[in-house]
Amino acid sequence: MSNFIWGVVQSAFQFEMGDPLRRNIDARSDWWHWVRDPFNIKNDLVSGDLPEEGINNYELYEIDHRLAKDLGLNAYQLTIEWSRIFPCPTWGVEVKVERDSYGLIKRVKVPKEALEELDGLANRREVLHYLAVLKNLKKLGFTTFVTLNHQTLPVWVHDPLWTRSDFEGSKARGWVDERNIIEFVKFSAYSAWKFGELVDFWATFDEPMVTVELGYLAPYVGWPPGILNPKAAKKVIINQMVAHARAYDAIKEHTKAPVGIILNIIPAYPLNPHDARDVKAAENYDYFHNRLFLEALNRGRVDLELDWNPVKIHHLERNDWVGNNYYTREVVKWTEPRFEELPMVTFVGVEGYGYSGNPNGVSPDNNPTSDFGWEVYPKGLYDSTAEGAEYGRPVYITENGVADSKDILRPRYIIEHVEEVKRLLENGIDVRGYFHWALTDNYEWAMGFKIRFGLYEVDMITKERIPRRNSVETYRKVVREGVE
């Protein structure tokens, strides 16, 4: 397929900071405050590494774009960081809001006057920066994919430390609070208005269920706000769905470019396929983690109460393409329902498989595990992508990679996963692109700089990009040969 998309992907918070003079720090995001919190550091919820020591893509983006071009790639995916564009609140900008019979936001109209007012509030320097980045990508011939929410939020939208210490009193609770849907729509409309001519594909969210599962159901993993609150988790799911649909509409006011959402579709397999309870656990995992968003945004079937009784809400059926971030699978077993508000959570991951392995070992099925402990399981890429394609939208594999600082697993990982892409195409699955995570090492959230995903190693002192030659040459060869 001569039009198949080959790319790399980056997010703003993980890649941008690190200039030696500290001129390009973004101190207005929730993650900025989260990773430097003394309690989090003391309790090993975060590494203690700080993003301002990072790889400095903000200044070195032309070098990174050239590295990607030299690999033979034709696409590049990046984030426009909300907290950089609007470091201060946009609440005062008036827009028109309509609701449906369920009380959900059905329409947000952002008129030209509001866009002009937003333009006056926007950080001009950051707007010019992202314009320069996108123009450089277009000059080099890249197809551009832009994500508007890759986990991070402005601290005025989400203050994770305040929310953790005083959930009811916090006035910045992120996606728990419906008013932030409206602010996200303003940001989305402004971004499409300002950058639309330079963007070929838009994504509203990256991995929205990660925010739910790690932020509100797993307080020990180091993800903000680090609380156990299934009632809040339920709100976050629905509010992100509505935010996607309304942002979709807002973007379409200014561009004909396709608008999609990026999910981490994770295939779940029962520990014992002959045990009906384990089989049901895998089905419930799939419904909760994967299908809630797929059904709502592609078919308008929305499980408002998360009780297996979806209703048809046409105005949430807004999606042009599905992104699938795939790293590994889950193997699950049955557990009694864990949360009254989330009766479908009857599953628990089995230690040793998927995301629950030991670093640099093997899984119980004798598959290698990465520096992160994630099991290498290529077949899961096929299964998860095929699931995303069931909904009649083209699928792009928007992240795929392995934490492997010594570059032992990565070359084979790339080859085996691209083989699954070829198998998908041979079987008529509409997959149109593959993005490797990542071009360079970066800041791996709560794990900091310990985990290295890059095709290029980064010297964290000099910021030099050093090729991991086996992987670089492997990916270059795969791209050159294509998927036919």
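User: Why is α10 said to be largely enclosed by the rest of the structure?

Analyst: Eight of the nine residues of α10 are buried, so the helix counts as largely enclosed. Buried means under 20% relative accessible area, with a 1.4 Å probe and protein chains only. Among the buried residues are P208, M209 and Y216. The buried residues of α10 pack against β6, α11, β7 and α12, where contact means heavy atoms within 4.5 Å. This is a predicted model, in which local features need pLDDT of at least 70, side-chain atom pairs count only at pLDDT 80 or more, and totals for chains, interfaces and linings use all residues. Residues are numbered from 1 along each chain as its sequence is written, and side-chain values use heavy atoms, leaving out hydrogens and water.

User: How do you know that β11 and β14 pair, and in which sense?

Analyst: Two strands pair if DSSP finds at least two bridges between them. Strands β11 (residues 321–325) and β14 (residues 395–399) have four bridges, in the parallel sense. One bridge joins G323 to Y396 of β14. Strands here are DSSP runs of E with at least two residues, and helices are runs of H or I with at least four, numbered from the N terminus.

User: What makes the sheet a barrel?

Analyst: Eight strands close in the order β1-β2-β5-β6-β7-β11-β14-β15, with parallel pairing.

User: Which residue class has 25 members in the lining of the largest pocket?

Analyst: The nonpolar class has 25, beside nine polar and nine charged residues. Nonpolar covers Ala, Val, Leu, Ile, Met, Phe, Trp, Tyr, Cys and Pro; Asp, Glu, Lys and Arg are charged; the others, Gly among them, are polar. A pocket is an open set of points on a 1 Å grid over the protein atoms alone, where a 1.4 Å probe fits, with protein on both sides within 12 Å along at least five of seven lines; lining residues have an atom within 4 Å of a point.

Definitions and conventions. Buried means under 20% relative accessible area, exposed over 50%, partly exposed in between (1.4 Å probe, protein chains only).
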